[in-house]
Amino acid sequence: MNTLKTLQTLAKIGRILSTVVYVVCIVGGCLCVAGIISLLVIPEGFTIGSVTIASLIFEKAGWSMTTCYAAAAIGIVLCAGEAVIAKFAERYFKNELSAGTPFTFDGAKELMRLGILTMSISVGTAIIAGIIYWIFRFAAKDMNELDFDLGGSVIIGVMLVVGSLLCRHGAEVSEKTEEREAA
């Protein structure tokens with residue numbers, strides 16, 4: 001029973017973290033949109049004292065204006081994808097907590113869906129981000145290299161699928177135990 005209590009505590013933490021990630025992704029996506037708009041409206045950037053934000057980005061970071069646009073556009077796509085994953089994770093944890101155990105057939109099915117979505121959305125957003133990157137790269141030669149590797153998300157998706165199989169097995173064992181006790 002102590003292990004179940006630990007699993008439920010972890011599910012509560014997972015639900016909270018999923019909510020936080022969802023909110024951070026929404027805010028991040030909005031900030032990327034605001035960044036694109038501010039670059040369009042005020043390309044030289046805001047001035048703080050004698051330093052402009054544009055000079056910090058262009059001179060200190062070594063990024064071109066094209067790279068800033070591309071990074072913001074890619075950020076919107078990646079934030080949107082992660083927000084969707086976080087919302088599905090939040091729903092899984094909420095349902096798991098209401099069931100009181102991860103070892104249910106519905107919970108295992110939902111965890112399987114979360115794993116598949118994590119893998120497919122991560123791959124999909126990486127492909128879209130790559131397309132955006134290469135469009136900007138083709139359109140402007142002053143594009144800097146950007147790294148947006150999402151291999152970790154695919155691995156997490158695989159782990160969630162494996163976890164769903166373990167939860168389904170636990171549900172099967174629990175069901176057989178209940179049948180034996182009833183007989």
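**Pocket, helix pair and core**

Mentor: The lining of the largest pocket divides into 19 nonpolar, five polar and two charged residues. This is a predicted model, where local features need pLDDT of at least 70, side-chain atom pairs count only at pLDDT 80 or more, and totals for chains, interfaces and linings use all residues. Residues are numbered from 1 along each chain as its sequence is written, and side-chain values use heavy atoms, without hydrogens and water.

Trainee: What makes a residue part of the lining of the largest pocket?

Mentor: An atom within 4 Å of a point of the pocket (an open set on a 1 Å grid where a 1.4 Å probe fits, with protein on both sides within 12 Å along at least five of seven lines). Here 26 residues line the largest pocket, and Tyr92, Phe93, Leu111, Leu114 and Leu160 lie nearest its centre. H1 (2-41), H3 (65-99), H4 (105-139) and H5 (151-182) each supply at least two lining residues.

Trainee: Why are H4 and H5 called roughly antiparallel?

Mentor: Their packing angle is about 170°, with axes 8 Å apart. Angles over 145 degrees count as roughly antiparallel, therefore H4 and H5 are roughly antiparallel to each other. The contact of H4 with H5 has 16 nonpolar, seven polar and three charged residues.

Trainee: What makes up the largest nonpolar core?

Mentor: A nonpolar core is a set of buried residues (under 20% relative accessible area, 1.4 Å probe) joined through side-chain atoms within 4.5 Å. The largest has 11 residues, including Ala70, Val77, Ile132 and Leu150. H3 and H4 are the elements that give two or more residues to this core, and H3 gives the most, with five.

Conventions: Helices (H or I, at least four residues) and strands (E, at least two) are DSSP runs, numbered from the N terminus. Ala, Val, Leu, Ile, Met, Phe, Trp, Tyr, Cys and Pro count as nonpolar, Asp, Glu, Lys and Arg as charged, and the others, Gly among them, as polar. Axes are lines fitted to C-alpha atoms, for helices over the stretch in contact, and angles run from 0 to 180 degrees between N-to-C directions. Angles under 35 degrees count as roughly parallel, over 145 as roughly antiparallel, 65 to 115 as roughly perpendicular and the rest as oblique. Buried means under 20% relative accessible area, exposed over 50%, partly exposed in between (1.4 Å probe, protein chains only).
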